[in-house]
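Work through the exercises below with the sequence and the 3D view at hand. Try each task before you read its solution.

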Amino acid sequence: MHPVNAHEDPNVAGILVGTPVYFSSMSSPCKDFLERLMVFYKQDHALSNVVAGVLAVGGTRHGGQEVAITSVQASLFCQHMIVVGAGGKTSRFGACIWAGAEGGVEEATNRAAAEDLGRKVAEVAMAVTGA
């Protein structure tokens with residue numbers, strides 16, 4: 001697979017990375033995925049200027065989501081990506097999701113956080129690519 005730069009292919013102008021939270025950290029499959037992105041780093045920083053956002057799902061409302069998000073973001077910064085937060089009222093770092101939310105305010109908060117993050121990634125990606 002030949003990686004492409006966001007300026008060459010607008011289909012890769014933005015990505016969202018999601019992870020469950022384990023002990024206030026990303027899951028091992030997420031870490032494995034991020035480590036496999038090294039191939040892009042070695043190919044002239046092919047992910048440079050691609051916009052990225054992070055979503056984390058914890059077992060409780062305050063289950064370490066923001067800590068997990070920032071650890072994923074650190075890996076994305078190493079790829080020279082443009083890392084954004086949700087930019088809304090819900091979370092500053094990314095989308096903090098509570099897995100135990102079933103209906104009502106908490107479920108609406110989860111949905112709003114994910115929507116805010118997706119919207120922010122799309123807005124910045126469009127600005128970067130001139131779309």
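The model used in these exercises is predicted.

**Exercise 1. Salt bridges within a helix**

Task: Find how far apart the closest N and O atoms of K31 and E35 are, and state where the two residues sit in helix α1.

Solution.
- Step 1. The closest N and O atoms of K31 and E35 are 3.4 Å apart. A salt bridge needs such a pair within 4 Å, and K31 and E35 form one.
- Step 2. Helix α1 covers residues 28–36, and K31 and E35 are four residues apart in it, so about one helical turn separates them.
- Step 3. An α-helix has 3.6 residues a turn, so residues three or four places apart point the same way.
- Step 4. K31 has 37% relative accessibility and is partly exposed. E35, with 47%, is also partly exposed.

Task: Treat D116 and R119 in the same manner, and decide whether D116 is buried or exposed.

Solution.
- Step 1. D116 and R119 form a salt bridge, with the closest N and O atoms 3.0 Å apart.
- Step 2. Both lie in helix α4, three residues apart, so they too are separated by about one helical turn.
- Step 3. Buried means under 20% relative accessible area. D116, at 15%, therefore counts as buried, while R119, at 43%, is partly exposed.

**Exercise 2. A salt bridge across the chain**

Task: Locate the two partners of the salt bridge between E106 and R61.

Solution.
- Step 1. The N to O distance between the side chains of E106 and R61 is 2.6 Å.
- Step 2. E106 belongs to helix α4 (residues 104–129), whereas R61 is in the loop between β3 (51–58) and α3 (65–78). The two are 45 residues apart, and the pair links distant parts of the chain.
- Step 3. E106 is partly exposed, at 27% relative accessibility.
- Step 4. In total, the structure holds five salt bridges.

**Exercise 3. A buried polar residue**

Task: Say what the side chain of N110 meets at 2.9 Å.

Solution.
- Step 1. N110 lies in helix α4 and is buried, with a relative accessible area of 9%.
- Step 2. A polar atom of its side chain lies 2.9 Å from the backbone oxygen of W98.
- Step 3. Beyond its neighbours within four places in sequence, N110 is in contact with R61, C96, I97, W98 and A101.

**Exercise 4. Helix α3 and the core**

Task: Compare the expected span of α3 with the distance between its end C-alpha atoms, then explain why its buried residues line one face.

Solution.
- Step 1. At 1.5 Å a residue, the 14 residues of α3 should span 20 Å, and the end C-alpha atoms are 20 Å apart, which agrees.
- Step 2. The buried residues of α3 are Q65, A68, I69, V72, Q73 and L76.
- Step 3. Viewed down the helix axis, these buried residues fall within an arc of 135 degrees, so they line one face of α3.
- Step 4. Their cover includes β1, β2 (25–26), α1, β3, β4 (82–83) and β5 (95–98).

Task: Identify which residues touch the most other members of the largest nonpolar core.

Solution.
- Step 1. This core has 20 residues, and those touching the most other members are C30, L34, L47, V72, L76 and M81.
- Step 2. The largest share, four residues, comes from α3.
- Step 3. Leaving out residues up to four places away in sequence, L76 touches V17, L34, A52, V54, M81 and V83.
- Step 4. A second, separate core has eleven residues, among them A13, V51, A86 and A113.

Methods: Residues are numbered from 1 along each chain as its sequence is written. This is a predicted model: local features need pLDDT of at least 70, side-chain atom pairs count only at pLDDT 80 or more; totals for chains, interfaces and linings use all residues. Side-chain values use heavy atoms; hydrogens and water are left out. Buried means under 20% relative accessible area, exposed over 50%, partly exposed in between (1.4 Å probe, protein chains only). A nonpolar core is a set of buried Ala, Val, Leu, Ile, Met, Phe, Trp, Tyr and Cys residues joined through side-chain atoms within 4.5 Å. Contact means heavy atoms within 4.5 Å. A polar contact is a pair of N or O atoms within 3.5 Å; within protein, one must be able to donate a hydrogen and the other to accept it, and residues adjacent in sequence count only if both atoms are side-chain atoms. The expected span of a helix is 1.5 Å times one less than its number of residues. The arc is that of the directions from the helix axis to the C-beta atoms.
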